[in-house]
Structure formats: C-alpha cells, structure tokens
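Notebook open, coffee poured. I want to see how the pieces of this chain pack, so I am going through it entry by entry.

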Amino acid sequence: MREIDRRTGFSRRGFLGTAAAAPAALAAGASISATAAWAADAKSIAPHAMATLVRAARDIYPHDHIGDAFYVRAITPWDAKAGKDEALKALVAEGVARLDQDAGERHSSPYLNVAWEADRVALLRGIEHTKFFRTLRADLVVSLYNQPEIWPKFGYEGSSAEHGGYLNRGYADIDWLPKSV
C-alpha cells in the first residue's frame, strides 16, 4: 500500500499572494457565479436548476478537497435523463422550486444565494423526506463517487481484481498498529 500525505499544500507565501489579489479582483468586478457557463448548456433542465442541483450535491456530500467540476460531472447526466423522462424533469423543477421557496421564506434569497452551508443544510433537512431529495442523494452516491479521477483524493487505489486481489496488495499491512513488545 502506498502512503498518502494528508497535509495541505498551503504555504504562507501562497496564502498571502492569494489574499492580496482577492480585493483587486473583486474591485475589478470579477465574481464567482454559481450559475456558471456549464449550466447554460443544459437542454432540458433550466440553468438555475442545474446550478442549484450542483450546490445541493455539494451540501449533501461535502468534501472541501474536491473541486466543483466533480459535482458538475455528477449532475450533468440529469439533463439528458430529464430530456427523456418528463416525470424526472417535473421532479427536478418542483424540488428546486421548493428549495428556493423555503430559502426565500427563511433567508430572502434563492437556495443558490444562501451564503452559509449550515443554513443550506437546514433547508435540505426540511426536504429530506421528499422524493426529490431521496432521488438526488441516491444518484449522487454512484455518480459522484464512481469517478476514477476522484479516487486518489480519498486514498482509494481502485479495483484490485485485475492485480490479483487485495491479498497480495496490502491486505496484511498493519503498520498503523503499535509493534508488539
């Protein structure tokens, strides 16, 4: 088994450089929009709904060390599925509308613009009994975690069957236990 260095790669110099550039970028009018360009390519689901699904996906399965691109890749197949299934398209539209309505009542903004993750999670807890939430959560387990590019970020080396199984590839590595006296 290989050992993974779990320390972050931040340095003081990198942090200060980024922190110094951020106010200048904001003053120039640059902003990070949750409704990114990828959402405009959706054919069956509205771009706002696609961006909301990605934000909800990140809130359901939060991993700070994973970029949004993995969540986008997990959600984009929903657009093609909704193009073939009117019931799914309606389910997404109603689920996003419900999230936006609840966010509007509590925070006076759509779900996408609720700033704090804890507030968004509270909104998701309010709909966790719905078919929309259950469908989204169940699909994300497969579509998010079945991306081979993401596996190293979790320390998973992938399938071992084609390499003879785990028996000869670290199964008995128990170097984390204290040595016996």
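**Entry: the whole chain**

I started with burial: of the 181 residues in the chain, 31% are buried (buried is under 20% relative accessible area, exposed is over 50%, partly exposed is in between, with a 1.4 Å probe and protein chains only). This is a predicted model, so I kept in mind that local features need pLDDT of at least 70 and side-chain atom pairs count only at pLDDT 80 or more, while totals for chains, interfaces and linings use all residues. Residues are numbered from 1 along each chain as its sequence is written, and side-chain values use heavy atoms, with hydrogens and water left out.

I looked up the secondary structure next and found nine helices and zero strands. Along the sequence that reads α-α-α-α-α-α-α-α-α. Helices here are DSSP runs of H or I with at least four residues, strands are runs of E with at least two, and numbering goes from the N terminus.

Then I checked contacts, meaning heavy atoms within 4.5 Å. Among the contacts in the chain with a separation of 6 or more, 61% are between residues 24 or more positions apart.

**Entry: H6 against H7**

I pulled up helix H6 (residues 86-107) and helix H7 (residues 117-126), which pack at about 125° with their axes 10 Å apart. Axes are lines fitted to C-alpha atoms, for helices over the stretch in contact, and angles run from 0 to 180 degrees between N-to-C directions. That angle makes H6 oblique to H7; the bins are under 35 degrees for roughly parallel, over 145 for roughly antiparallel, 65 to 115 for roughly perpendicular, and oblique for the rest. 

On the H6 side I noted Arg-98, Leu-99, Asp-102, Ala-103, Arg-106 and His-107, which meet Asp-119, Ala-122, Leu-123, Leu-124 and Gly-126 in H7. By class, the contact of H6 with H7 has five nonpolar, two polar and four charged residues. Here Ala, Val, Leu, Ile, Met, Phe, Trp, Tyr, Cys and Pro count as nonpolar, Asp, Glu, Lys and Arg as charged, and the others, Gly among them, as polar.

**Entry: H3 against H7**

H7 also packs against H3, at an angle of about 95° with the axes 10 Å apart. H3 and H7 are therefore roughly perpendicular to each other. I listed Arg-55, Ala-56, Asp-59 and Ile-60 from H3, which meet Glu-117, Arg-120, Val-121 and Leu-124 from H7. This contact of H3 with H7 splits into four nonpolar, no polar and four charged residues.

**Entry: H4 against H5**

The axes of H4 and helix H5 (residues 77-84) come within 5 Å and cross at roughly 15°, which makes H4 roughly parallel to H5. Arg-73, Ala-74 and Ile-75 of H4 make the contact with Pro-77, Trp-78 and Asp-79 of H5. I get four nonpolar, no polar and two charged residues for the contact of H4 with H5.

**Entry: Ala-82**

While in helix H5 I stopped at Ala-82, which is buried, with a relative accessible area of 0%. What is Ala-82 in contact with, leaving aside its neighbours within four places in sequence? I found Ser-44, Ile-45, Leu-88 and Lys-89. The C-alpha atoms of Ala-82 and Ile-45 are separated by 7.0 Å, although the two residues are 37 residues apart along the chain.

**Entry: the rings**

I counted three aromatic pairs in the structure. Rings of Phe, Tyr and Trp (its six-membered ring) pair if their centres lie within 6.5 Å; planes under 30 degrees apart are stacked, over 60 edge-to-face, and the rest tilted.

The rings of Tyr-61 and Tyr-145 have centres 5.6 Å apart and planes at 85°, so I logged the pair as edge-to-face. Tyr-61 lies in the loop between helix H3 (47-60) and helix H4 (68-75) and Tyr-145 in helix H8 (residues 131-145), so the pair ties together parts that are 84 residues apart in sequence. Tyr-61 is buried at 15% relative accessible area, whereas Tyr-145 is partly exposed at 28%.

The rings of Tyr-145 and Phe-154 are edge-to-face too, with centres 5.8 Å apart and planes at 65°. Phe-154 is partly exposed, with a relative accessible area of 31%. Ring pairs thus link Tyr-61, Tyr-145 and Phe-154 into a cluster.

**Entry: Thr-130**

Last stop was Thr-130, in the loop between H7 and H8. Buried or exposed, I wondered about Thr-130? Thr-130 counts as buried, at 17% relative accessibility. The C-alpha atoms of Thr-130 and Gly-95 are separated by 8.4 Å, with the residues 35 residues apart along the chain.
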